[in-house]
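Student: I am new to this structure. Please take me through one part of it closely, step by step.

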Amino acid sequence: MAPSTREASKKEKAPDAAPPASEAEPGSKHKADPDSEGASESPKAKRNKTEIADSHSTKKETEETRRAGVEAEKTECQREEKDDRDKKSAVEPHGRDAPKAVPSSILEKGIIYFFIRGRVGIDEPSDVNEIARSYIILRPIERDAKLGSGPIGDAGNSRLCAIPKKVLPQSGKDRWIAFVEKTSASFQQLKDEFLASNDYETKTAGTRHSPAATPVAEGVYAITSTGSESHLAYILTVPEELGEVQTELGLKQKGSFIISTKNPQYPAPPNARLPKGPEYPEEVLKEFRSRRWMPTQPKHLDIVNTQFLLIGESSGVEKVLEPQKADEKENKEEPAEELEKLEEEDLQRLKGLSDDDSGRIFADLEVNANDYPKLQTTF
């Protein structure tokens with residue numbers, strides 16, 4: 001008997017129907033429909049989350065590594081810059097012969113610079129009254145060093161000392177109080193904070209102009225001790241001949257001052273008080289004992305706001321550079337010979353720096369002489 005049309009139709013549709021349980025693929029009833037709501041994440045998606053976390057961790061480590069590398073590179077650059085400065089420096093540490101060591105009376109030696117700054121709005125002072133203040137820059141070198149050729153080099157140990165009286169003391173009757181304005185200064189600091197001119201605003205007078213510092217001399221110096229006193233002795237190398245400005249300021253070809261440090265525990269005179277006193281360590285304060293003044297030591301000048309007294313000496317440098325008996329017995333160099341030798345070395349090295357005096361001074365300080373006033377010898 002032939003199948004009916006309805007039965008034939010069922011047979012044609014049978015292949016599309018779900019297979020019986022006996023023929024179904026093992027585990028197929030546990031498979032999730034990817035299109036159904038609430039389907040769980042696939043293993044691949046879970047791996048992506050882990051990979052993202054790992055990526056963040058790796059990125060953090062890379063950033064830390066990069067920063068560490070930058071710091072290491074910065075440190076290396078600073079070391080190389082210091083090495084370059086040392087190579088460029090004319091200072092030859094331990095250059096003096098050991099048997100003829102530097103005399104014990106020389107506490108410190110180095111290069112000394114004298115500058116002036118005109119009063120507000122006066123770039124070129126025409127007399128001493130138009131000077132706001134005079135300055136001394138001390139650039140120490142090792143006690144047993146000698147000078148070779150080239151610039152002095154920046155050791156970052158310069159001191160800037162201000163002389164409010166403008167002129168230097170000439171005799172024992174002249175007693176000026178000066179103070180240390182900057183210590184451990186680099187040449188860049190001196191350039192930015194001292195040498196350059198400055199325009200600033202005031203509430204009452206508007207814009208005011210503070211002129212650039214003007215060089216007036218360079219030389220060599222020594223801080224010496226004669227037991228009961230300390231002295232600052234110098235010999236000028238620039239200019240070769242004193243001009244009107246140098247004479248008016250009280251500079252000499254060879255000069256010296258008695259130099260004493262003020263005990264900050266006693267008040268300064270009303271016209272010489274600073275807003276803030278020096279912060280001496282306890283050991284220095286103890287050295288003063290009850291004295292108002294004590295012979296200056298180089299370490300005093302390494303503290304900002306140290307006040308020191310300059311007393312003029314009209315007898316020249318010979319007395320303050322007399323050899324000590326102990327040094328004579330040990331056959332050490334005489335203080336006067338040491339300072340004169342340093343002067344000769346300074347003269348020789350300056351010849352190769354520039355054709356003019358101001359160029360030599362600014363070459364020493366590692367700045368462009370064209371940006372600053374020329375060395376002034378006349379008013």
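Student: Which residues does A178 touch, not counting residues up to four places away in sequence?

Tutor: A178 touches A162, I163, P164, T306, Q307 and F308, with residues up to four places away in sequence not counted. Bear in mind that this is a predicted model.

Start with A178 itself. This residue sits in strand β6. A178 counts as buried because its relative accessibility is 1%, and buried means under 20%. One distance helps to place A178. Its C-alpha atom is 9.9 Å from that of I136, although 42 residues along the chain separate the two. Keep I136 in mind.

Now take one partner, T306. T306 belongs to the loop between β12 (293-295) and β13 (307-312). T306 is buried too, because its relative accessibility is 0%. Its side chain has a polar atom 3.0 Å from the backbone oxygen of I303. Beyond its neighbours within four places in sequence, T306 is in contact with A178, F179, V180, T261, P278, Y280 and H300. A178 is thus on the list for T306, just as T306 is on the list for A178.

Next, the empty space. A search of the whole structure turns up three cavities of 30 Å³ or more. The largest has a volume of about 70 Å³. Two residues met above help to line this cavity: I136 and I163. The other lining residues are F114, F115, I116, S134, Y135, K166, L168, V216, L249 and L251. Strands β2 (106-118) and β3 (131-141) each give at least two residues to this lining. By class, the lining of the largest cavity has ten nonpolar residues, one polar and one charged.

The second largest cavity has a volume of about 50 Å³. I136 appears in its lining, and so does F308, along with L138, C161, I223, L232, I259 and L301. Here the count is eight nonpolar, no polar and no charged residues. F308 is also one of the residues that A178 touches.

K166, from the lining of the largest cavity, deserves a closer look. K166 is found in the loop between β5 (158-163) and β6 (175-185). K166 counts as partly exposed because its relative accessibility is 22%. Its phi is near 75°, a positive value in a residue other than glycine. E366 also has a positive phi, near 60°, and is not glycine either. E366 lies in the segment after α8 (357-364). With a relative accessible area of 45%, E366 is partly exposed.

Last, the nonpolar cores. Nonpolar side chains tend to be buried together in soluble globular proteins. The largest nonpolar core here has 41 residues. Those with the most contacts inside this core are Y113, F115, I152, F194, L195 and L365. A second, separate core has 27 residues, including F114, I116, L168 and I259. F115 belongs to the largest core, while F114 and I116 belong to the second. F114, F115 and I116 also line the largest cavity.

Y113 has contacts of its own to list. Neighbours within four places in sequence aside, Y113 is in contact with Y135, I136, I137, R139, I152, A217, E218, I361, D364 and L365. I136 turns up once more, here as a contact of Y113.

Note on methods
Residues are numbered from 1 along each chain as its sequence is written. This is a predicted model: local features need pLDDT of at least 70, side-chain atom pairs count only at pLDDT 80 or more; totals for chains, interfaces and linings use all residues. Side-chain values use heavy atoms; hydrogens and water are left out. Helices (H or I, at least four residues) and strands (E, at least two) are DSSP runs, numbered from the N terminus. Buried means under 20% relative accessible area, exposed over 50%, partly exposed in between (1.4 Å probe, protein chains only). A polar contact is a pair of N or O atoms within 3.5 Å; within protein, one must be able to donate a hydrogen and the other to accept it, and residues adjacent in sequence count only if both atoms are side-chain atoms. Contact means heavy atoms within 4.5 Å. A nonpolar core is a set of buried Ala, Val, Leu, Ile, Met, Phe, Trp, Tyr and Cys residues joined through side-chain atoms within 4.5 Å. On a 1 Å grid over the protein atoms alone, a cavity is a set of points where a 1.4 Å probe fits but cannot get out, and a pocket is an open set with protein on both sides within 12 Å along at least five of seven lines; lining residues have an atom within 4 Å of a point. Grid points are joined across faces, edges and corners, and a volume is the space filled by probe spheres set on the points. Ala, Val, Leu, Ile, Met, Phe, Trp, Tyr, Cys and Pro count as nonpolar, Asp, Glu, Lys and Arg as charged, and the others, Gly among them, as polar.
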